[in-house]
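Me: I am new to this structure and would like a close look at a single part of it. Please take one helix, go through it carefully, and then show how it relates to the rest of the chain.

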Amino acid sequence: MIWGVTILVFGSLLVAAVALRGLIFGGRAQRLEAVQRRLEALSPVDPAAPLAAHSFFRDRSYSSIPLLDRVLQKLPRISDVQLLIHQAGSPCNMGTLVLSASVLASLGLLGGLVEESYALALGLGLLGLLLPLVWLRFLRKRRLAALDEQFSEAVDLIARALRAGHSFGSGLKMAAEEMDEPVSGELSRTFEDYSYGKSMDDALADLARRAGLQDVKFFATAVALQRETGGNLAEILDNMGHIIRQRYSLMRQVKALSAEGRISAIILSIMAPGLLVVLWLISPGYLSLLFTHPLGNTLLLVGGGFQLAGILVIKKLTNLKV
C-alpha cells in the first residue's frame, strides 16, 4: 500500500510539474512571435488580407507542449473534445484540459488510498477525471444559450444590410462588428474563412458545425439554397428572424411552466448525496462499514449507479425541446 501511495504521489507531482512548465515556459509565446513576423512580412495592401493571413496562421495545435500535442493528435475522436472546448468559449486548450483532469484524478485516487478504501479511491478518481468535462459542458450550455438568444438579432441585421444594398459578405461583417460575444466571434471567424478563400457555403457549414444550434443550421441551409436557386434573401432572413424569435418566446414559456418539475428534479438529485455527507460529518462510525467492508463498497457502488441513472432519467423527462 505504501509503495502504491508513493508512486501515485510522485506521478501526481510529475504531472503537475509538467503542466506548470507548459503554462509558464511553453512555446506559445514563441509561436505567436513567429506568426506576427510572418504577418508583418506579408505587407498586405488589400484590407481583407490581414484577416486572410490570420485565418491561415490560426493556431490548430492541441497543446503548447510538443510531446503532449503529438500524443493528442493521434487520439481518436479528439476533435469532438476540441469542439466542446470551442463551444465553451475556449477557456483552455486541449493539453491544459488533459493535464488538469489527470491531476484531479490522481489527487482523488490518492485521497481514497489514504483512507484505505478502494471504492472511495475509484469514485474520487472518476469524479476528478470528469470534473473538467462537467465544467466545460456548463460553460458550453451558457454560451450556446447566449448565442441562441442573440442570433435572431444578427439575422435581422444582415437582412437590413442586404436591403441597404450591401452584399451578404458585407452584411456578415457588419453583424460581426455590431453584435456582442459570442455571436460576434462566430460571425467574425466565418467572415475570415470566407475572406481567405473558402466558399460562402463551406464557411457557413463550418459555422453551423461549430455552433451546433438548429437555428444556425437553418440559416446556413437557407443561404446555401438561395445562392443556388435565387430569390429575395432579405425577405427569407426576415421570415427566419421572426420564426426564431417566436420559437425562443415559446421556449421561455415552456421553461416557466416546467420550473416546478425541474426544481423537484434538483432536490431529488442532491438529497441522497447530501444526506450521505451530513451523516458522515455527524456520525462517521455510522457509515464506516460502507467504506471498509467489501459488501459496503458494493452497496455504495450500486447505490451510486442507481442514483446516477435516476438523475439521467429525471433530466430526460424535464428536458423539453421546442
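Reply: A good part to begin with is helix H7, which covers residues 118-163; helices here (H or I, at least four residues) and strands (E, at least two) are DSSP runs, numbered from the N terminus. The expected span of a helix is 1.5 Å times one less than its number of residues, so the 46 residues of H7 should span 68 Å, and the 67 Å between its end C-alpha atoms agrees with that. This is a predicted model, in which local features need pLDDT of at least 70 and side-chain atom pairs count only at pLDDT 80 or more, while totals for chains, interfaces and linings use all residues. Residues are numbered from 1 along each chain as its sequence is written, and side-chain values use heavy atoms, with hydrogens and water left out.

Along H7 there is a kink of about 35° at Leu 130, shortly before the proline Pro 132; the bend at a residue is the angle between axes fitted to the seven residues ending there and the seven starting there. After H7 comes Gly 165, which has a positive phi, near 105°.

The part of H7 around the kink can be viewed from a residue of another helix, Ala 101, which lies in H6 (residues 94-114). Ala 101 counts as buried, with 10% relative accessibility, where buried means under 20% relative accessible area, exposed over 50%, and partly exposed in between (1.4 Å probe, protein chains only). Apart from its neighbours within four places in sequence, Ala 101 is in contact (heavy atoms within 4.5 Å) with Gly 128, Leu 129 and Pro 132. The C-alpha atoms of Ala 101 and Leu 126 are separated by 9.5 Å, although the two residues are 25 apart along the chain.

Further along H7 we reach Asp 148, which is found in this helix and is buried, with a relative accessible area of 11%. Not counting residues up to four places away in sequence, Asp 148 touches Leu 213, Asp 215, Arg 247, Tyr 248 and Met 251. Two of these residues, Asp 215 and Arg 247, themselves meet through their side chains in a salt bridge (2.6 Å, N to O), a term that stands for a side-chain nitrogen of Lys or Arg within 4 Å of a carboxyl oxygen of Asp or Glu. That pair links distant parts of the chain, with Asp 215 in helix H11 (residues 214-229) and Arg 247 in helix H12, 32 residues apart. Asp 215 is buried at 4% relative accessibility, whereas Arg 247 is partly exposed, with a relative accessible area of 22%.

H7 also takes part in a salt bridge of its own, in which the side chains of Glu 149 and Arg 252 meet (3.0 Å, N to O). Here too distant parts of the chain are linked, since Glu 149 belongs to H7 and Arg 252 to H12 (residues 233-257), 103 residues apart. Both partners are partly exposed, Glu 149 with a relative accessible area of 38% and Arg 252 with one of 48%.

In total the structure holds nine salt bridges. Another of them joins the side chains of Arg 210 and Glu 186 (2.9 Å, N to O), where Arg 210 is in helix H10 (residues 200-211) and Glu 186 in helix H9 (residues 183-196), 24 residues apart. Both Arg 210 and Glu 186 are buried. Through salt bridges that share partners, Arg 143, Glu 186, Asp 193 and Arg 210 are joined into one network.

To place H7 in the whole, the protein has 15 helices and zero strands, and 34% of its 322 residues count as buried. Among contacts between residues at least 6 apart in sequence, 62% join residues at least 24 apart.

Finally, some care is needed over confidence. The mean pLDDT, the predictor's confidence in each residue from 0 to 100, is 75, and 75% of the residues reach 70 or more. Over residues 44-57 pLDDT stays under 50, and for that stretch the model has 22 contacts beyond four places in sequence. Where pLDDT is low, the predicted coordinates should not be read in detail.
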